[in-house]
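Got a minute to go through a model together? Here it is, followed by some questions and answers.

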Amino acid sequence: MVPRLSRDLGGDLLFRQGVDLRQYSKQVEAELEQIEQASIKDYIKESQNIALLHQQISACDAILERMEEMLSGFQSDLSSISSEIHTLQRQSLSMNVRLKNRQAVRSHLSQLVDELLVPGAMISTILDSPVTEQHFVEQLHELNNKINLAKELSFRETLACCDIQDVVDRLKVKAVCKIREFILQKIYSFRKPMTNYQIPQNTLLKYRFFYQFLLANERTVAKEVRDDYVDTMSKIYFSYFKSYSGRLLKVQYEEVANKDDLMGVEDTAKKGFFSKPSLKSRNTIFTLGQRGAILSPAELEAPILVPHTAQRGDSRYPYETLFRSQHYALLDNGCREFLFLCDFFMVTGNSALDLFNSIMGKTLGMFLKSMSTYVADCYDGIAVFLCIHIILRFRAIAAKRNIPALDKYWEAVLELLWPRFELILEMNIHSIRNSDPQKLGLLDSRPHYITRRYAEFSSAVVSINQTFPNERINALLAQLQVSRAAETGRAPTRTGRDAFARGFLQAEVENFVLKMAAEFPSRREQLIFLINNYDMMLGVLTVSPIGDVQKEQSTTTTATAAKKSRRRRWKSTLCLSRRGQQTTARRWKASSSFYWPGRRRVLFLPNAHVPPRLPPKRSLSRRRQEFIEELLSAPFGGMIAFVKEAEALMEKGQLERLKSDEARICQLVRGFSGSWKQSVEAMSQDVMRSFTNFKNGTGIIQGALTQLIQYYHGFHKILSQPAFRSLPARSELINLHHLMVEVKKHKPNF
């Protein structure tokens, strides 16, 4: 198609140029012929090269044929190699699986063989080495592992364990014999006199694995060791504490309280020929003194007493000190023994408690029997109460150490002590109730020794209980229980029974004070006796911790109430209607600081120095007020009676009825003006002679002077009424401010 197109295009071109196509065709044919001839010549000229090339091509063809045959052989060889590779691969995978299986079997088998193998070093160590060497302990651990393995393999019916069973059994027997001999030797060493058994115990704890080995492999020997230890330590503890308790009793005070040393027993009581001598001073069993120091942390956990050292120094101690030393030794040894049992014998819970009781049971029983004997003949309430608090503190210490072994013993001791303490309280109550005032010696207005005993005993009980509060002896619960019992008619709860007894003790003491006061012939002496006794009780209780605590609790309330009370009373008594009298009232308020003893305003609060809520306070306040009225009635009775009568008529609007008493009023005015100074001086001296407590006496004087000024102020107020303004005697009245200044001169000196 293309040549044709070229010819067509060439013909068109030649036609356009005017060339003859025929001529042009012949010319072309001639040229082609020449070219063909030249080409033939060239071929003839190169015929040899062509022949040589043909030969070379033939040779190459033969070579290629051989190469083809060779490659065909290679191909067949490669195909056979590939099949062989696949075969080798399958064989390799199979061999790898077999290798892994053999390695796994080898690891288990080698471990089993190593565990079953009993080396000669183990045999020689178990047979020849002492049990205290570390190498023996290490080999014993290995032997224990082989024994456990042999037991496990025997359950699986492994034949290999039969090869070592005999050797392991013989080694076990030898190890058990040596361990048994070692432990029993240590236990028997406890029995030697003057031996510190804690040292062998520490040694046993160091080799605690020995008992574990016995328990796992020879239970009969383990039981034998345990029984020997229990029997030995039980006897040791019993012997030690029995001897120690007996020696402690030799350093106890020889004078002890008996049934005749009760709160209500008179000091002058005569004893029979066969009666026991009583205490030289019964106050020692009702006063705490230095006995309470036994409850301080330093004394409570102080080293125990050494009886022979105390005997050499001729030292004597109260029972509670011996009780503390005895039970601190029990606490220390009991805690140590319980921890040893749990650690060495590998027991916990009830098993540990049972094992501890089997060792200490006999000793604890001996303690309880001794306590029961002492309690049955004890009449020292403070000693019993101190023992109760010692037990409460030791129980807390044991709980802090997480030692429950002695819990039942603490409860048993408290069950012995609480009823006895309550019984002693009841006996003291009955002794006060049955006391005969006529048999208590000569009458004396000073504080009675029975009320002092009660005050000191109550102070001791409260101060002891506040350091470690207990609901059974709580003073507030006592008041609550007594009041509820009185209101509802029901008996108090068991937890408040002891506090209830203390409430009745207070009631009996108050009844006794009233009975003793009734023995005095005059009301004045009765009031002096009552005030002295109530003041003494308040003084003792205020010194005790209960007074300090209540002071702190009521400081804010008391101060606020005192301020309000002073404002009200100033307004009602000294704020007069006239302006000048109001100025006098203000001056009186500013100048009356001499009535504030210790910078406390007791002019209108006579008992401000006494903490509120103390039981005898209200009785003391009433008696003091009554005594002040009795004290003022002798020198100023006429004026006081007139003031009271006039105030009553003034309230009814009948003051005119007193106009006819002008002579009486003049006599009262002149009598007061002429004798008030001598009367006040005599009154002050009489008060200071009558009351043993100087502070109480000064308070009564201050109250009396305050009451006198109030009465005279009322007298002024009455005479300032229209019905009496025309009386000439009004000019003889003493100025109220002048009277206050003069009264200030009678201020008691502190």
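**Patch, packing and salt bridges**

I63, L64 and M67 make a nonpolar surface patch of about 280 Å². This is a predicted model, where local features need pLDDT of at least 70, side-chain atom pairs count only at pLDDT 80 or more, and totals for chains, interfaces and linings use all residues. Residues are numbered from 1 along each chain as its sequence is written, and side-chain values use heavy atoms, leaving out hydrogens and water.

Q: Is I63 of that patch buried, partly exposed or exposed?
A: I63 sits in helix α3, residues 47-116. Buried means under 20% relative accessible area, exposed means over 50%, and partly exposed is in between (1.4 Å probe, protein chains only). The relative accessibility of I63 is 39%, so I63 counts as partly exposed.

Q: Are helices α13 and α15 roughly parallel or roughly antiparallel?
A: Helix α13 (residues 349-376) and helix α15 (residues 407-433) pack with axes 10 Å apart, at an angle of about 5°. Angles under 35 degrees count as roughly parallel, over 145 as roughly antiparallel, 65 to 115 as roughly perpendicular, and the rest as oblique. So α13 and α15 are roughly parallel.

Q: Which residue in the loop between α14 and α15 has a positive phi, and is it buried or exposed?
A: Most residues other than glycine have a negative phi. N402 has a phi near 60°, a positive value in a residue other than glycine, and lies in the loop between α14 (381-400) and α15. With a relative accessible area of 63%, the residue is exposed: N402.

Q: How many residues apart are E224 and R180?
A: These two form a salt bridge, with the closest N and O atoms 2.7 Å apart; the term means a side-chain nitrogen of Lys or Arg within 4 Å of a carboxyl oxygen of Asp or Glu. E224 is in helix α9 (residues 219-249) and R180 in helix α6 (residues 161-189), so the pair links distant parts of the chain, and the separation is 44 residues.

Q: Which residue forms a salt bridge with D343?
A: D343 is in helix α12, and its partner is in the loop between α7 (198-206) and α8 (209-217), 135 residues apart. The side chains meet at 3.0 Å, N to O, and the partner is R208.

Q: How many salt bridges does a search of the whole structure find?
A: R291, E320 and D380 are linked in a network of them. K644 and E629 also form one, with closest N and O atoms 3.8 Å apart. The search of the whole structure gives 13.

How values were computed: Patch = residues over 30% accessible without salt bridge, like charges linked within 9 Å, V, L, I, M, F, W, Y side chains within 5 Å. Areas by Shrake-Rupley, 256 points an atom, 1.4 Å probe, with all protein chains shown as cover. Helix = DSSP H or I, 4+ residues; strand = E, 2+ residues; numbered from the N terminus. Axes fitted to C-alpha atoms, helices over the stretch in contact; angles between N-to-C directions.
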